[in-house]
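Let's take a walk through this model, from the overall layout to the details. Keep the 3D view open and follow along.

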Amino acid sequence: MATANSNGTGGREGFLKRHIGFVPNPISKRSHQLTARTQDARVTVSVCPYCGVGCSQLVYSKAGKVINIEGNPDSPINGGHLCPKGASTYQLINNPNRPTTVLYRAPKSDHWETRPLEWAMDRIAQLVKTTRDATFQMTNPEGTRINRCESIGHIGGATLDNEENYLILKLWRALGIVHITNQARI
Ligand code: SF4
């Protein structure tokens, strides 16, 4: 049973006053001053690049840097949710383990070498030209004009957007390449 305290209050009423009414606000001054890290951030609606479900995402950025990516609650597809893979999209941009240089492994080599991007672009262009020159088919065995090259294939990346895939398709089709796939999402 509660008894009178030094303030002269007692019983159940005094107990409640001491523990609820007179208790200082349990939210600290520091907590009052805290704000969400996404506050005042620019919000851009985007689409998860990983699979064909096409979940909508909100991309938060400040000073040109992405600071958070989460599900878009206005989307009829995902209603604000993302699967574990989609929820990790942030790491596509901010990830210290992501390679940012060209890595080249020479034929029969057992290790990777860092090379300049220009070197890689030149090598790809040279290999494409050499392969196409050597294997281009102007006609089929029946003499029908086909203008195709079956020795080169293209596999697209999930984070390529429609415009990039349009240009890629134009390039490969112009070269006669027929084995083309992409993963246009955005
Ligand atoms: S969040 Fe998951 S289910 Fe949705 S599009 Fe991305 S990978 Fe697919």
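**A walk through the fold**

Let's start in a loop: Lys 108 sits between strand E4 (102-104) and strand E5 (113-115). This is a predicted model, by the way, so everything here is computed from predicted coordinates. Lys 108 has a positive phi of about 70 degrees, even though it is not a glycine. Is Lys 108 buried or exposed? With 5 C-beta neighbours inside 10 Å, Lys 108 counts as exposed, because the cut-off for that label is 12 or fewer.

Stay in that loop for a moment, since Trp 112 is also found between E4 and E5. Trp 112 has 13 C-beta neighbours inside 10 Å, so it counts as partly exposed. Which residues does Trp 112 touch, leaving aside its neighbours within four places in sequence? The contacts of Trp 112 are with Leu 103, Tyr 104 and Arg 105. You can also check the separation between Trp 112 and Val 102: they are 10 residues apart along the chain, and their C-alpha atoms are separated by 9.5 Å.

Now zoom out. The protein chain has 6 helices and 8 strands, and reading along the sequence gives the pattern α-α-β-β-β-α-α-β-β-α-β-β-α-β. Of the 186 residues in the protein chain, buried ones make up 8%. As for contacts with a separation of 6 or more, residues 24 or more positions apart account for 35% of them.

Next, find the sheet made of E1, E2 and E3. This is an open sheet of 3 strands in the order E1-E2-E3, with antiparallel pairing. Its edge strands are strand E1 (42-47) and strand E3 (65-71), each of which pairs on one side only. From one strand to the next, the twist averages 30 degrees. E1 and E2 run antiparallel and are joined by 6 bridges; as a spot to click on, Ser 46 stands opposite Gln 57 in E2. On the other side, strand E2 (residues 56-62) is joined to E3 by 6 bridges, and this pair also runs antiparallel. Here Val 59 has Ile 69 in E3 as its bridge partner. The hairpin of E2 and E3 has 2 residues between the strands, and in it Ala 63 takes a positive phi near 50 degrees.

Step back along the chain from E1 and you reach another backbone oddity. Asp 40 is in the loop between helix H2 (29-33) and E1, and Asp 40 has a positive phi of about 65 degrees although it is not a glycine. With 9 other C-beta atoms within 10 Å, Asp 40 is exposed.

The ligand comes next. Which residues surround the ligand? They are Cys 48, Tyr 50, Cys 51, Val 53, Gly 54, Cys 55, Asn 78, Leu 82, Cys 83, Lys 85 and Gly 86. Sorted by class, the shell around the ligand contains 7 nonpolar, 3 polar and 1 charged residues.

Further along the chain there is a second sheet to look at. It is an open sheet of 3 strands with the order E6-E7-E8, and its pairing is mixed. The edge strands in this case are strand E6 (137-139) and strand E8 (177-181), each pairing on one side only. The twist again averages 30 degrees from one strand to the next. Strand E7 (residues 145-155) and E8 run parallel, with 4 bridges joining them. To locate that pairing in your viewer, pick His 154, whose bridge partner in E8 is Ile 180.

Finish with H6. This helix lies across E7 and E8, running at about 155 degrees to E8. How far apart are the end C-alpha atoms of helix H6 (residues 162-175)? They are 20 Å apart, which agrees with the span of 20 Å that 14 residues should cover at 1.5 Å a residue. Just after H6, Gly 176 takes a positive phi of about 90 degrees, and E8 (177-181) is an edge strand of the second sheet.

Notes. Residues numbered from 1 in each chain as written. Predicted model: local features only at pLDDT ≥ 70, side-chain atom pairs only at ≥ 80, totals over all residues. Near = placed C-beta within 6 Å. Nonpolar A, V, L, I, M, F, W, Y, C, P; charged D, E, K, R; others polar. Pairing = 2+ DSSP bridges. Axes fitted to C-alpha atoms, helices over the stretch in contact; angles between N-to-C directions. Expected span 1.5 Å × (residues − 1). Buried ≥ 20, exposed ≤ 12 C-beta atoms within 10 Å, placed from the backbone. Contact = placed C-beta atoms within 7 Å.
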